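Colleague: I should like to learn how to read the sheets and helices of a model. Please take me through the features one at a time.

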Amino acid sequence: MTVTLRDVARAADVSIATASRALAGSSLINHATQKHVVQVAAAIGYRTNTVARALKTRKSRLIGLTVHNLENASFRVLASVVQARMQALGYQVILSISNDDAEQEREILKTLVDHSVDGLIAVPTGSNGAQLLAMEHADTPVICAVRRVAGASLESILAADMEGAYTGTQHLLGLGHRRIGLIVGPADTTSGKERLAGYTRAMQEAGLPVDPAYIHRGRYKPETGVAGASALPSLPAPPTALFVANHESSVGVLRVISERGLSIPADLSLLFYEDSPWFEWQRPAISVVDSGAADMANLAVDRLMSRLGGVANSGREYRIGSRLVERASCRALPIS
């Protein structure tokens, strides 16, 4: 039999109105009563009719979260933190995977609108700004993370990618490397553009030419790492260090290194962008520029909750600082 709100009220010895307010998290109900009603409801198996509640309150208590994939450690952290935070705040998260594909993202956004989500945290492809703005104009707050959408006035929380790539390249330069290969994302993405700019700035400040032959661009896929790690060491003057500023490509790079029998860091110093728990377990442990995914997720939730609380969209861009984590995959070159 279906357990009704009337059953909860009777079991908790409160009125139906009090039970309803307690289960909705109303500030009109004191904490002890609310806790009691929630415990009783759980004990007797009551489940809120979210569709009916959404029709009545115009709030679904559902939050959309879109990411490109779950292979990227930063996206996994983002999803984990957002899910935990929003659940603790009384919301459920609808997680969707876009595969960095504009058409898939378009269908996902339609579905989220159909489900009347109260808000959205999105790692956007950058191609559906009009849809995201339409959600904003319909009073569904949108917070972009990792990437911005060009031409759309949306609140965005980004990594300090230019500074991170600059710091990473400087680290390799400080170890004596002058031929530094770079595997980076495409120029039409925020991270791809800014990480290349950080690398370029560090090389230029060191008085070194930025040779296109040492730069391999590609989509965020392992295959990009395979192609880059195969091509760069085959140059007439191969790089002595490789900066992989395209996280999904890291797996492909490690495969090529293993297949070629290269010793890290004796044959090649290796620096990755965005940390992953198993990079520390790799032998040698891999040095990284960590982009602060957990901090980015927490700020995204904070901003979304502010927006749900009535704060207007400022269109502001926030930056989360990166940090260098030195492990054992980079070595100093001997002084010649």
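Modeller: Let us begin with a single pair of residues: glycine 64 has leucine 120 of E3 standing opposite. Before going further, note that this is a predicted model, in which local features need pLDDT of at least 70 and side-chain atom pairs count only at pLDDT 80 or more, while totals for chains, interfaces and linings use all residues. Residues are numbered from 1 along each chain as its sequence is written, and side-chain values use heavy atoms, with hydrogens and water left out.

Colleague: How many bridges join strand E1 and strand E3, and in which sense do they pair?

Modeller: Two strands pair if DSSP finds at least two bridges between them. Strands (E, at least two residues) and helices (H or I, at least four) are DSSP runs, numbered from the N terminus. Here, E1 (residues 62-67) and E3 (residues 119-122) are joined by four bridges in the parallel sense. Leucine 65 has isoleucine 121 in E3 as its bridge partner.

Colleague: What is the bridge partner of isoleucine 121 in E4?

Modeller: That partner is isoleucine 143. E3 and E4 (residues 142-145) pair over three bridges, in the parallel sense.

Colleague: Are the two faces of E3 covered or uncovered?

Modeller: A residue is buried when its relative accessible area is under 20%, exposed when over 50%, and partly exposed in between (1.4 Å probe, protein chains only). Both faces of E3 are covered, with Gly119 and Ile121 buried on one side and Leu120 and Ala122 buried on the other. Over the chain, 47% of the 336 residues are buried.

Colleague: What is the strand order of the sheet that holds E3, and which strands stand at its edges?

Modeller: The order is E2-E1-E3-E4-E5-E11, an open sheet of six strands with parallel pairing. Strand E2 (92-97) and strand E11 (317-320) are at the edges; each has a single partner strand, so one side of each lacks a neighbour in the sheet. On average, neighbouring strands of this sheet are turned by 20° against each other, direction ignored.

Colleague: Which strands does helix H5 lie across?

Modeller: Axes are lines fitted to C-alpha atoms, for helices over the stretch in contact, and angles run from 0 to 180 degrees between N-to-C directions. Contact means heavy atoms within 4.5 Å. Helix H5 (residues 73-88) lies across E1, E2 and E3 and runs at about 175° to E1. H6 also packs on the sheet and touches E1, E2 and E3, with its direction at about 160° to that of E2.

Colleague: At what angle do H6 and H7 pack?

Modeller: H6 (residues 102-114) and H7 (residues 129-137) pack at about 15°, their axes 10 Å apart. H6 and H7 are therefore roughly parallel to each other, a label for angles under 35 degrees, whereas over 145 counts as roughly antiparallel, 65 to 115 as roughly perpendicular and the rest as oblique. Arg106, Leu109, Lys110 and Val113 of H6 make the contact with Gln131, Leu132 and Met135 of H7.

Colleague: What is the order of the sheet that contains E7 and E12?

Modeller: That open sheet of six strands has mixed pairing and the order E7-E6-E8-E9-E10-E12. Within this sheet, E9 (residues 269-273) and E10 (residues 287-290) pair in the parallel sense over three bridges, and tyrosine 273 has valine 289 in E10 as its bridge partner. Helix H11 (residues 250-260) lies across E6, E8 and E9, at about 165° to E9.
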